[in-house]
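Reader: I am new to this structure and would like a careful look at one part of it. Please begin with a single residue and then work outward to its surroundings and to the chain as a whole.

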Amino acid sequence: MSREKKKIMDPFQKWAHSWGRVGTVIALIYMITLPFVICIAFDCMPKFTDVINASTVGILLIYIPVGFSEAISYIPVMGSASYLGFITGNIMNLKFPCAVNGMKVAKVEQNTPEGDAIATVSIAVSSIVAVVILALAALFSSFIRPFFETEFMMTAKDYVIPALFGSMALGLFATNASGGKVVKGGIKGVIPVLILVSAIALFVRISGGGSALLGMVGIIIVIMLPIGIISSRIMWKKGMITVEDVKKN
């Protein structure tokens with residue numbers, strides 16, 4: 001590989017990856033060690049069969065594919081900010097949308113030093129705000145609980161996540177300029193994925209296995225990611241999706 005084609009990381013990205021690995025190892029040790037410390041302190045260590053059984057294996061079959069699919073789908077967008085995102089958690093509902101919108105507002109491209117820096121700041125600020133809001137909610141829970149139990153709030157909460165990802169999807173698939181290029185018709189690449197997922201969901205529900213659909217989420221995501229990439233590439237080859245230079249006024 002020639003030196004011109006070799007990608008060299010920015011000092012910020014090197015720093016973020018180095019400390020991100022350290023932070024991830026510390027977080028893993030903390031999360032794994034804490035339950036053992038509590039169980040030993042209160043003399044309530046569970047048996048192996050209480051931890052690994054048919055019920056827990058069923059849960060793992062759901063969350064392992066979901067975790068794998070999140071890693072391969074979120075990391076290319078968030079870059080080195082992924083360390084902070086995965087440590088603090090709640091990526092799908094909070095951290096990922098904040099990172100995407102932060103880069104969009106700052107008009108920086110993902111997988112660049114600028115994009116990684118903006119994504120890191122966005123995730124960090126969202127984490128701090130979330131902690132502050134949760135602390136206030138816990139402090140004043142007795143006062144605000146009746147408000148969240150009202151009929152209109154119970155109805156509105158079911159639309160928060162769809163509205164969040166709907167607006168984010170429109171921003172991702174719109175004809176936006178990035179890195180001197182503009183993608184036109186990019187949303188066409190996910191049409192085959194939408195058709196396949198809709199067909200699978202309809203078939204499962206008609207067959208009476210609606211409850212099993214939740215356990216298939218991670219597996220469906222892992223399977224559909226390469227389908228979306230392949231369909232987008234085929235459409236790009238056929239000219240249905242185009243990548244053009246940004247026209248300067």
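Author: Asp43 is exposed, with a relative accessible area of 71%, where exposed means over 50% relative accessible area, buried means under 20%, and partly exposed lies in between (1.4 Å probe, protein chains only). This is a predicted model, in which local features need pLDDT of at least 70 and side-chain atom pairs count only at pLDDT 80 or more, while totals for chains, interfaces and linings use all residues. Residues are numbered from 1 along each chain as its sequence is written, and side-chain values use heavy atoms, with hydrogens and water left out.

Asp43 sits in the loop between α1 (11-41) and α2 (48-51); helices (H or I, at least four residues) and strands (E, at least two) are DSSP runs, numbered from the N terminus. The phi angle of Asp43 is near 55°, a positive value in a residue other than glycine. Asn90 likewise has a positive phi, near 55°, and is not a glycine. Asn90 lies in the loop between α4 (82-88) and α5, and at 44% relative accessibility it counts as partly exposed.

From that loop one can turn to the largest nonpolar core, which has 11 residues, namely Tyr74, Val77, Met78, Ala81, Ile91, Phe96, Ala99, Val100, Met103, Ala119 and Ile123. The elements giving two or more residues to this core are α3 (54-78), α5 (91-106) and α6 (113-139), and α5 supplies the largest share, 5 residues. Such a core is a set of buried Ala, Val, Leu, Ile, Met, Phe, Trp, Tyr and Cys residues joined through side-chain atoms within 4.5 Å. In soluble globular proteins, nonpolar side chains tend to be buried together.

Ile123, a member of this core, is in contact (heavy atoms within 4.5 Å) with Met78, Ala81, Leu84, Gly85, Thr88, Lys95 and Ala99, leaving aside its neighbours within four places in sequence. Ile123 is also among the buried residues of α6, which are Gly115, Asp116, Ala119, Ser122, Ile123, Ser126 and Ser127. With 27 residues, α6 reaches 39 Å from its first C-alpha to its last, close to the expected 39 Å, a span found as 1.5 Å times one less than the number of residues.

As for the whole, the protein chain has 11 helices and 3 strands, following the pattern α-α-α-α-α-α-α-α-α-β-β-α-α-β along the sequence. Of its 249 residues, 21% are buried.
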